[in-house]
Amino acid sequence: MSAIVTATARHPETLAGGLPISLSHVGKSFGQISVLEHFNLEVPAGQFLAVVGRSGGGKSTLMRLIAGLDAATAGRVAIDGHTIDRLHPSVRLLFQEARLVPWQSTLENVGIARGPDWQETARRTLADVGLEGREAAWPSVLSGGQRQRVALARALVSHPQILLLDEPFGALDALTRIEMHRLLERIWIERRFTTVLITHDVAEAVALADRVIVLREGTIALDIAVNLERPRQELADPSAVELQRQILDAV
Amino acid sequence: MADVSVAGFTADKGRRLSVTGLKKALAPWALPIVLLILWELATRTGLVNARLMPAPSTVAVAFWRALVDGSLIYHTLASTQRALIGLVIGGGLGFIIGIANGLWKPAETLLDSTLQMVRNIPHLALIPLVILWFGIGETPKIFLVAIGVFFPIYINTFYGVRTIDPQLVEMASVYGLDRKALIRRIILPGALPSILVGLRYALGFMWLTLIVAETISAPSGIGYMTMNAREFLQTDVMLLGIIVYALLGKGADVATRAIERRVLVWHPAYQTGEGVTQ
């Protein structure tokens, strides 16, 4: 199961906003337990990839490797052709929890890295995720969905070329999740950063991604293109249902 | 939608304040007032020996006398000055070492186990030694206060730094914060609630240490005033000294609460109606 996987879905109009990710013969083990072995994956620039699998299947490990938070025990993880051994400056990460700094206002959280004109940039990005007027609010008064919006704005403010999402909508209620899907898809269409979404929700994967891979026991059990019209309507397309069934079978 | 509920909340709060606000403000004072009245009655009726336990009215007269002749203010200032110098020295050291040990493993390895050992010595047990070392001037009192406040501040600062959410620290590194920004924006503010708890404990120890130190030997201060009064069997002045200590302790507590409300505005526990609308 170590065949090099190539992209099967493409959006030819814009591929400029992202960087390609390449994993070759990557291995990762924690002590005696090996999570990934000879793992190969190519993510072309600008692709929206969803990684689906059961818990313990290596999804989060894969994402931490791409983010540079953990080092691979074997093989090579490369972004834009360069092997990474630490955090890549154009990679941003959305965690399962929003991880907002409680003692900083919404605006300060978005502009966490500060930098020139951070207030103005942060304000604009907040408006972009639909949180205009909430700049001064403390994170503790925001709802779960609003917090993830702030986290998304924080990730987007530096114009990342790769966005990694580690089940960021898992804790949200169904309606808020659909809102977040629409928001993320809209922003992705505008910016075309390479996106890796880790999720256990097959419907979410089909609703958002160009390509879905199923990760089972550290190997790719299924690699499938999702060629549906964008922007997508939640479950409107019968072929989406068929795709979901196919993916579920592989999980 | 949020605005509607917030407006409802403040309106509701305003109504409650106007109707039961007075009752609420007075409630904590009900018990002390009742006790004072009983105490006054007990001494007046001779149930309690007024020579050993003077009536509140007698203490009030003593208070007025001491206030008018300036001795009360003089002694209170003397005590407060010692307390604050000791607090700044001991608390400052506790804070610095707490931060250093929290952030830097070698410092912790070197210092923490020793400090934990020393911590268990009751610092007041040092009094005979301290008198030998420093005599009976200002130094021994400030020294004892400094030791008394050092440990609560040290332990809580260290604990505060250590219990910073590692997920936040990881987030900060993903978002490119350097070490200086990490300490200033994540670690120090995150440790602050714990540091303030340490400060509150420290203020308690501060007065406690000072009372004992001043009772042993001092040319001024509330402790001196009380011990001097004992020589002349002025029980009213002795009681007055105790009450002044209680008030100073209360004042310190009020001050820390005010600081907490100010610097912990972000904390859900300190948020008022206005904080929500921000």
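This text walks through a predicted model of two chains, from overall form to single strands and helices.

Start with chain A. Its secondary structure comes to seven helices and 10 strands. For 251 residues, a compact globule would have a radius of gyration near 18 Å, and chain A has 18 Å, which agrees. Along the principal axes, the C-alpha atoms fill a box of roughly 50 × 45 × 35 Å. Of the 251 residues in chain A, 44% are buried. Contacts in chain A with a separation of 6 or more can be split by distance along the sequence. Residues 24 or more positions apart account for 72% of these contacts.

Chain B is built from another set of elements. It has 11 helices and zero strands. Read along the sequence, the pattern is α-α-α-α-α-α-α-α-α-α-α. The globule rule gives 19 Å for 278 residues, but the radius of gyration of chain B is 24 Å, well over that value, so chain B is more spread out than a compact globule. Its C-alpha trace spans about 75 × 60 × 30 Å along the principal axes. Buried residues make up 29% of the 278 residues in chain B. Among contacts in chain B with a separation of 6 or more, 72% come from residues 24 or more positions apart.

Next, the domains. Chain B is divided into domain 1, residues 1-48, and domain 2, residues 57-277. The C-alpha centres of these two domains of chain B lie 29 Å apart. In chain A, the assignment gives domain 1 as 1-90 + 162-251, and domain 2 as 101-159. Domain 1 of chain A is thus written as two segments, 1-90 and 162-251. The centres of domain 1 and domain 2 of chain A, taken over C-alpha atoms, are separated by 25 Å. The contact between them takes 10 residues from domain 1 of chain A and seven residues from domain 2 of chain A. On the domain 1 side, α5(A) gives the most, with five residues. That side of domain 1 of chain A divides into eight nonpolar, one polar and one charged residue.

Now look at the strands of chain A. Begin at β1(A), residues 21-30. Seven bridges join β1(A) to β2(A), residues 33-43, and the two run antiparallel. They form a hairpin with two residues between them. At the turn, F30(A) has I33(A) as its bridge partner in β2(A). G31(A), in the turn, has a positive phi of about 65°. β1(A) has another antiparallel neighbour: five bridges join it to β4(A), residues 74-79. In that pairing, S22(A) stands opposite A78(A) in β4(A).

Which residues of strand β3(A) lie on one side, and which on the other? F48(A), A50(A) and V52(A) lie on one side, with L49(A) and V51(A) on the other. Both faces are covered, and these residues are all buried. Five of the five residues of β3(A), residues 48-52, are buried, so the strand is largely enclosed by the rest of the structure. β3(A) pairs in the parallel sense with β8(A), residues 194-199, over five bridges. V52(A) has T199(A) as its bridge partner in β8(A). β3(A) also pairs in the parallel sense with β9(A), residues 211-216, over four bridges. There, the bridge partner of V51(A) is I213(A).

Turn to helix α4(A), residues 144-156. At 1.5 Å a residue, its 13 residues should span 18 Å, and its end C-alpha atoms are 18 Å apart, which agrees. The helix is mostly covered, with 12 of its 13 residues buried. The buried residues include charged names such as R147(A), R149(A) and R154(A). Among the others are V150(A), A151(A), L152(A) and L156(A). What do the buried residues of α4(A) pack against? Their partners in chain A are β6 (91-94), α2 (106-110), α3 (118-128), β7 (162-166) and α5 (174-191). The last of these, α5(A), is also the element that gives the most to the domain 1 side of the domain contact in chain A.

Last comes the meeting of the two chains. The contact takes 18 residues from chain A and 14 residues from chain B. By class, the chain A side has 14 nonpolar, one polar and three charged residues.

Technical notes: Residues numbered from 1 in each chain as written. Chains lettered and ligands numbered in written order. Predicted model: local features only at pLDDT ≥ 70, side-chain atom pairs only at ≥ 80, totals over all residues. Expected span 1.5 Å × (residues − 1). Buried ≥ 20, exposed ≤ 12 C-beta atoms within 10 Å, placed from the backbone. Contact = placed C-beta atoms within 7 Å. Rg over C-alpha atoms; globule rule 2.2 N^0.38 Å. Pairing = 2+ DSSP bridges. Domains from an automatic or database assignment.
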